[in-house]
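Biologist: I am new to this structure and would love a close look at one part of it. Could you take me through how helix packing is built up here, starting from the whole chain?

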Amino acid sequence: MATATAAARVKSNKKSQWNLVWIRFRKNKLAMLGLIVLCALMLLCLSAPLYIDYSKVITQSIIDAFQSPSLEHLFGTDQFGRDLFARIIYGGRISLFAGLLTTAIAFVMGIALGGSAGYFGGVTDTIIMRFCDVLMSVPGVLLSMTIVAALGQGLFKMLIALSVAQIPRQARTVRAAVMTLRGQEFIEAARCCGTGNVRILLKHILPNILGPLVISVMQSLGGTILSIASLGFLGIGIAPPTPEWGTIISENQSSLMYYPHLGIIPGLFIVVAVLSLNFIGDGLRDALDPKQKN
């Protein structure tokens, strides 16, 4: 009975802590604005098949090329007569959710590598960190371009390239956080009780470093979306005619002088998405910072 009561008390404390974080987060108006805008944008892209036929994304009609925004075509048409609104909405599904998936992969691998390096130390730490140093010696976008050039175009290959470029930074963040906790008394107590290393990492260390990791992930997510757009603009990301925000701008760059909306509108979607993520990251940083507690 006492054990069950203690477990319930711990669970209640954790819940109240996250409630306190949410209360602090809600006080940040820019963070809430970013969250609302990002959720609306993701919902708009996810529900695209309900109100836009995918044929509008890929069907070419040269006679309808370069139409101005109208009720029939909200954002006008591109040089091939394709509906720009449809291409941007469907392109957002790749730009946003590929960014989320890439960051999630890098996050999981960063926890595995950084957690092992920080907890075990010694030879394990040296090998993993030197590997990360090699990858970090090359700029992230350049490393992604090199991997995509070697593997070829495609969504899956782009995800691999961007994930590999992010893993070293995530691993270093996790390693630094783990090293600050591995010598704490509650970790030593867990070892004395015979708790295994994997359980210590997952049950005792990871929950205590989750705050800084979430902040790091949110702040890197905006950069990932920019990297996806950059690869698409350079022509080594998603292969046409599949829409993606950077690819849309690249396809219409020769016509931007006469039809600037073909670049401004998808560019605005990139800016809004990245700004929203940055606002959310700043809000989470303030909400999870212990110095902000009353």
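Modeller: Gladly; here is a walk from the whole chain to helix H10 and its neighbours.

This is a predicted model, in which local features need pLDDT of at least 70, side-chain atom pairs count only at pLDDT 80 or more, and totals for chains, interfaces and linings use all residues. Residues are numbered from 1 along each chain as its sequence is written, and side-chain values use heavy atoms, with hydrogens and water left out.

The protein chain has 12 helices and 0 strands. Helices here are DSSP runs of H or I with at least four residues, strands are runs of E with at least two, and both are numbered from the N terminus. The C-alpha trace spans about 75 × 40 × 30 Å along its principal axes. Of the 294 residues, 41% are buried, where buried means under 20% relative accessible area, exposed over 50%, and partly exposed in between, with a 1.4 Å probe and protein chains only. Among contacts (heavy atoms within 4.5 Å) with a separation of 6 or more, 71% join residues 24 or more positions apart.

Now to H10, which covers residues 197–234. Two packed helices are described by the angle between their axes and the distance between the axes. H10 packs with H12 at an angle of about 170°, the axes being 9 Å apart. These axes are lines fitted to C-alpha atoms, for helices over the stretch in contact, and the angles run from 0 to 180 degrees between N-to-C directions. H10 and H12 are therefore roughly antiparallel; angles under 35 degrees count as roughly parallel, over 145 as roughly antiparallel, 65 to 115 as roughly perpendicular and the rest as oblique. On the H10 side, the residues that meet H12 include Gly211, Val214, Ile215 and Met218; on the H12 side they include Ile270, Val274, Leu277 and Arg285. By class, this contact has 13 nonpolar, 4 polar and 2 charged residues. In that count Ala, Val, Leu, Ile, Met, Phe, Trp, Tyr, Cys and Pro are nonpolar, Asp, Glu, Lys and Arg are charged, and the others, Gly among them, are polar.

Val214 deserves a pause: this residue of H10 is partly exposed, with a relative accessible area of 27%. Val214 lies 46 residues from Pro168 in sequence and 16 Å from it in space, C-alpha to C-alpha.

H10 also packs with helix H7 (residues 140–151), at an angle of about 50° and with the axes 11 Å apart. That makes H7 oblique to H10. Here Val141, Ser144, Met145 and Val148 of H7 meet Ser227, Leu231 and Leu234 of H10. The contact of H7 with H10 has 5 nonpolar, 2 polar and no charged residues.

Finally, the core. The largest nonpolar core has 36 residues, and Phe25, Phe75, Leu84, Ile88, Leu96, Trp245 and Phe269 touch the most other members. Such a core is a set of buried Ala, Val, Leu, Ile, Met, Phe, Trp, Tyr and Cys residues joined through side-chain atoms within 4.5 Å. H10 is among the elements that give two or more residues to this core, as are H1, H2, H5, H11 and H12. H12 gives the most, with 10 residues. One core member, Ile88, touches Phe75, Trp245, Ile248, Ile265, Pro266 and Phe269, not counting residues up to four places away in sequence.
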